[in-house]
Amino acid sequence: MTCSILVGGAWGDEGKGKCITYLCDSDKPDIIARAGVGPNAGHSVEFNGEKYGLRLTPSGFVHTGAKLMIGAGVLVNPDVLFSEFENLKKYNVKERMCVDPRCAIIKEDHMNRDKSSQHLAKKIGSTGSGCGPANSDRVMRTIDLARDIPELEEYITDVSLACNEAIDNGEEVFIEGSQGFALSLYYGTYPFVTSKDTTASTFAADVGVGPTKIDEVINVFKAYISRVGEGPFPTEMTQKEAEEKGLEEYGVVTGRRRRIGYFDMELAKESCRINGATQIALTCVDRLYPDCARTQDFNDLSVDTKKFIEEIQSETGVPVTIISTGPDLKDTIDLRNELL
Ligand code: GTP
Ligand code: IMP
Ligand code: MG
């Protein structure tokens with residue numbers, strides 16, 4: 001049994017939501033643990049004809065046999081968590097949720113400071129979700145932790161202990177990262193980044209699992225790139241070009257229009273290296289190559305698409321094991337049996 005980490009390869013919104021839902025559905029993890037910054041994330045999940053937007057709940061929630069956990073490194077806004085419990089009632093999310101007592105808590109004041117800060121809101125283009133000010137208070141050691149919040153008492157669990165015991169018992173643990181490599185506070189396009197490192201090593205630390213316990217790191221890329229907020233974007237195309245190619249996108253959390261660009265091989269190589277990627281999942285291939293929409297067999301992909309995938313593989317040295325050709329879970333080419 002394995003412990004896997006899923007990470008975003010670029011500036012977030014790579015379609016991690018769909019990949020996690022697909023991987024958790026087929027791999028049936030016993031624990032799905034959320035890592036990453038906090039409710040600044042927005043993951044989209046489409047399942048059985050319904051669409052869900054998530055900010056804290058692990059995207060693997062549709063696999064109802066799994067325990068859902070939020071690791072100590074993740075910032076929790078209890079209001080966001082409780083509203084997701086309501087929206088996801090039919091999946092028993094509330095009953096399966098475990099929150100580490102050491103998670104730091106986002107309050108109204110953090111959101112107000114985020115939204116009213118000229119530097120964060122205007123210059124960086126933050127999501128306004130309070131994550132930056134909360135992580136700053138955490139470093140100053142003035143923030144409340146989940147163990148101090150009575151409303152969270154029934155969910156409090158030592159997530160690190162639970163994950164490590166599960167791994168030792170031969171169970172499957174799936175760690176969900178959020179954001180993306182190029183938003184990392186250390187390795188991203190500083191200062192136009194988020195308030196924490198967003199690479200695989202930090203995601204392992206977020207849930208309290210040591211590096212020797214990790215078997216797979218799945219790096220997710222979209223076939224093109226998107227970025228919300230300010231900052232450098234070497235392969236950016238004009239909005240007109242994005243429209244002509246049918247690639248415009250809008251953010252899940254903020255509703256902002258995303259900037260769009262071409263796939264960046266140099267970024268992909270660096271992202272695979274620093275994340276220690278063992279697999280690549282490539283999403284939205286159908287949006288770049290419409291003739292591949294809903295294709296489920298690698299042999300049916302067009303010559304250009306195959307060439308693109310092979311180039312990614314040879315440049316990064318990492319096998320492209322999952323190819324997503326549409327929003328539905330069925331629109332997936334899964335080469336893990338052939339390539340691993
Ligand atoms: P993460 O932040 O990485 O989780 O990405 P996201 O889930 O936030 O991505 P986004 O909000 O941009 O949503 C992606 C949308 O595209 C969702 O509606 C998905 O269902 C859909 N989607 C995911 N993979 C594919 C794909 O391969 N092809 C197409 N056409 N749509 C996809
Ligand atoms: P913050 O994390 O809200 O402070 O925002 C800092 C930068 O990271 C801004 O450019 C945001 O748009 C970006 N960002 C943070 N989280 C995500 C995400 O999940 N997807 C895409 N961009 C994000
Ligand atoms: Mg997103």
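In the predicted model, G42 has a relative accessibility of 17%. This residue therefore counts as buried, because the cut-off for burial is under 20%. G42 also takes part in metal binding: the magnesium ion (ligand 3) is coordinated by G42 (O) and D13 (OD), at 2.0 Å. The two donors come from distant parts of the chain, 29 residues apart. D13 sits in the loop between β1 (3-8) and α1 (16-27). G42 belongs to the loop between β2 (31-34) and β3 (43-47).

Ligand 2 is surrounded by 16 residues. N40, T127, T194, V228 and R256 come nearest. The shell comprises 6 nonpolar, 8 polar and 2 charged residues. Polar contacts involve both oxygen and nitrogen atoms of the ligand. A polar atom in the side chain of T127 is 2.6 Å from a ligand 2 oxygen. V228 contributes through its backbone, with a polar atom 3.2 Å from an oxygen atom of ligand 2. In the side chain of Q179, an N or O atom lies 3.2 Å from a nitrogen atom of the ligand. Taken alone, ligand 2 exposes 470 Å², of which the protein buries 97%.

Helix α4 (residues 108-116) has buried residues at H110, M111 and D114. These residues lie on the same side of α4, because they cover an arc of only 95 degrees around the axis. An α-helix has 3.6 residues a turn, so residues three or four places apart point the same way. E108 and S116 are exposed, on the other side of α4.

Definitions and conventions
Residues are numbered from 1 along each chain as its sequence is written. Chains are lettered from A and ligands numbered from 1 in the order in which they are written. This is a predicted model: local features need pLDDT of at least 70, side-chain atom pairs count only at pLDDT 80 or more; totals for chains, interfaces and linings use all residues. Side-chain values use heavy atoms; hydrogens and water are left out. A residue is near a molecule or strand if one of its heavy atoms lies within 4 Å of it. A polar contact is a pair of N or O atoms within 3.5 Å; within protein, one must be able to donate a hydrogen and the other to accept it, and residues adjacent in sequence count only if both atoms are side-chain atoms. Accessible areas come from the Shrake-Rupley method with a 1.4 Å probe; for residues, only the protein chains shown count as cover. Ala, Val, Leu, Ile, Met, Phe, Trp, Tyr, Cys and Pro count as nonpolar, Asp, Glu, Lys and Arg as charged, and the others, Gly among them, as polar. Donors are N, O and S atoms within 2.8 Å of the metal (3.2 Å for Na, K and Ca); water is not among the atoms, so sites may look incomplete. Helices (H or I, at least four residues) and strands (E, at least two) are DSSP runs, numbered from the N terminus. Buried means under 20% relative accessible area, exposed over 50%, partly exposed in between (1.4 Å probe, protein chains only). The arc is that of the directions from the helix axis to the C-beta atoms.
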